[in-house]
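Me: Hi! Could you walk me through this structure?

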Amino acid sequence: LTKEKKSVLFIERGFLFRGFMDNEKSCIVQNKDGVFKYNLITKELTKLTDKKGWVLGWSPDEKYFYKGTKMEQMLLKDIVRVAMDGSEPDKSISLEELFPNGKPWLMKMHPSRNEIVFDMSVNNGEEIYKLNGVFD
């Protein structure tokens, strides 16, 4: 561990950092205008989609990214898989159908193991859930 300080990414316009890609040469950022891939070497910003949603992660081969959609007060209703070219989602999972009595939120996705961990409000309490093989 070193105490070196180095700015890796600075973008104005209110972007939120969503995480480094596996190659650590790119990262995913998001703002009110959509989801973007930012190349840390070339400084190129590529728009992936202008649709709203919460970026959860991306596939190990970097062909897809995953996001929660249909947000209502930070609660997610669906998870969709979108190609990095920004095309329409090709797969989706309805959290409302999987968990009709719960309210999923605070999701985190492990990019190389295709797992999603999340907190869910259930019966005046909180439970932690893990989904495996999300888009196998």
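**Rings, a sheet and a serine**

Reply: Happy to! The charged end of arginine 81 sits over the ring of tyrosine 64, 3.8 Å from its centre (such a charge is NZ of Lys or CZ of Arg within 6 Å of the ring centre and within 35 degrees of the ring normal). This is a predicted model, where local features need pLDDT of at least 70 and side-chain atom pairs count only at pLDDT 80 or more, while totals for chains, interfaces and linings use all residues. Residues are numbered from 1 along each chain as its sequence is written, and side-chain values use heavy atoms, with hydrogens and water left out.

Me: How many aromatic pairs does the structure hold?

Reply: Zero, taking a pair as rings of Phe, Tyr and Trp (its six-membered ring) with centres within 6.5 Å.

Me: And what is the strand order in the open sheet of four?

Reply: The order is β5-β6-β7-β8, paired antiparallel. Strands are DSSP runs of E, at least two residues, numbered from the N terminus, and two of them pair if DSSP finds at least two bridges between them.

Me: Which strands stand at the edges?

Reply: β5 (54-58) and β8 (91-94); each has a single partner strand, so one side of each lacks a neighbour in the sheet.

Me: How many bridges join β5 to β6?

Reply: Four, with β6 covering residues 64-69. Tryptophan 54 is opposite glycine 68 in β6.

Me: New topic: is serine 26 buried or exposed?

Reply: Buried, with a relative accessible area of 5% (buried means under 20%, exposed over 50%, partly exposed in between, with a 1.4 Å probe and protein chains only). Serine 26 lies in strand β2, residues 26-31.

Conventions
Phe/Tyr/Trp six-rings, centres within 6.5 Å; stacked < 30°, edge-to-face > 60°.
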